[in-house]
Amino acid sequence: NCLVGGALQLATGTMLLIDETGMDAGTLVERGVKNVQALNELLSRQKLAFDFSYFNVDFPMDVTLISLSVSKSMLEQGVACLIPLRVAPNFAPPAGALQQGPLLQAARAYIGLAARGVESDIPERLTARMQNDFVEARKLDPEKVTPDDFARLITTTRLHAASMLAADLSEEHYDHVKAIETKRVERVRAKQVEI
């Protein structure tokens, strides 16, 4: 009759960095499969199942996941942004001064403030514009433009506004995100053509 804390029982607003770059090809054992399922649940539903032997109880979470992977991630990509990175193979880690002290504290404070700003308000005029843009995009390409794309655009706009520590979303935030999303889609399509 004792509850044991798990690795995913994290504080509200935690940013979880998952490094898949060191993984090799192989087979996941049962425990590994359950761990990946728990990460996918956390990513897609923001819920964590507590195992009470005879049944599971889902608890709401507020955790941001960032996954680093050199190939296709083993995590689902519900509201995900794939960013191809080019990393120098012999890149040295940051100097000790960057890993601790005032710079690290400032970065943590900034991330904490930005993470809590995600619930910013969207003005009605901007909401109408976003909806109209989505409807027009669906008319042009109903096969490739999905409601998930619209949700990702809203989420990314919120995150961009939060990164600027803005209380409300603005037209400028939306225009910036729309421009970088267009470039991202172009890069993905170019990459798919090359393959």
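## Fold, hairpin and second largest pocket

The protein has six helices and four strands. The model is a predicted one. Along the sequence, these elements follow the order β-α-β-β-β-α-α-α-α-α. Of its 195 residues, 19% count as buried. The exposed surface of the protein amounts to about 14700 Å², and carbon and sulfur atoms supply 58% of that area. Among contacts between residues at least 6 apart in sequence, 64% join residues at least 24 apart.

### The hairpin of strands 2 and 3

Strand 2 covers residues 47-51 and strand 3 covers residues 56-60. The two pair in the antiparallel sense, over five bridges. Two of the facing positions can be named. Lysine 47 stands opposite proline 60 of strand 3, and alanine 49 has aspartate 58 as its bridge partner in strand 3. In a regular strand, side chains alternate between the two faces of the sheet.

Four residues lie between strand 2 and strand 3, and the two strands form a hairpin. Serine 53, in the turn, has a positive phi of about 65°. A positive phi also occurs at glutamine 46, where the angle is near 55° and the residue is not glycine. Most residues other than glycine have a negative phi. Glutamine 46 belongs to the loop between helix 1 and strand 2. Its relative accessibility is 23%, so glutamine 46 counts as partly exposed, the limit for buried being under 20%.

### The second largest pocket

What volume does the second largest pocket have? About 860 Å³ of space lies in it. It is lined by 23 residues, and Ala38, Leu48, Ala49, Phe50 and Asp51 are the closest to its centre. Alanine 49, one of these residues, is also the bridge partner of aspartate 58 in the hairpin.

Helix 1 (30-45), strand 2 and strand 3 each supply at least two residues of the lining. The largest share, seven residues, comes from helix 1. By class, the lining of this pocket has 11 nonpolar, six polar and six charged residues.

### Asparagine 40 in helix 1

Is asparagine 40 buried or exposed? Its relative accessible area is 9%, so asparagine 40 is buried. The residue lies in helix 1. Apart from neighbours within four places in sequence, asparagine 40 is in contact with Arg45, Met74, Leu75 and Glu76.

### Threonine 64 in strand 4

Threonine 64 lies in strand 4, which spans residues 63-68. With a relative accessible area of 37%, threonine 64 is partly exposed. Which residues does threonine 64 contact, leaving aside its neighbours within four places in sequence? They are Thr14, Met15 and Leu16. Threonine 12 is 52 residues away from threonine 64 in sequence, and their C-alpha atoms are 9.4 Å apart.

### Helices 5 and 6 and the loop between them

Helix 5 (147-163) and helix 6 are joined by a loop that contains methionine 164. The relative accessible area of methionine 164 is 53%, so this residue is exposed, the cut-off for that class being over 50%. Helix 6 spans residues 171-194 and includes histidine 176. Histidine 176 has a relative accessible area of 37% and is partly exposed.

### Pairs separated along the chain

The table gives C-alpha to C-alpha distances for three pairs, one of them already described for threonine 64.

| Pair | Separation in sequence | C-alpha distance |
|---|---|---|
| Histidine 176 and threonine 157 | 19 residues | 8.3 Å |
| Threonine 64 and threonine 12 | 52 residues | 9.4 Å |
| Methionine 164 and tyrosine 110 | 54 residues | 9.8 Å |

Note on methods: Residues numbered from 1 in each chain as written. Predicted model: local features only at pLDDT ≥ 70, side-chain atom pairs only at ≥ 80, totals over all residues. Heavy atoms only, no water. Pairing = 2+ DSSP bridges. 1 Å grid on protein atoms, 1.4 Å probe; cavity = no way out; pocket = protein on both sides within 12 Å on 5 of 7 lines; lining within 4 Å. Points joined across faces, edges and corners; volume = space filled by probe spheres on them. Nonpolar A, V, L, I, M, F, W, Y, C, P; charged D, E, K, R; others polar. Buried < 20%, exposed > 50% of the residue type's maximum accessible area, 1.4 Å probe, protein only. Contact = heavy atoms within 4.5 Å. Areas by Shrake-Rupley, 256 points an atom, 1.4 Å probe, with all protein chains shown as cover.
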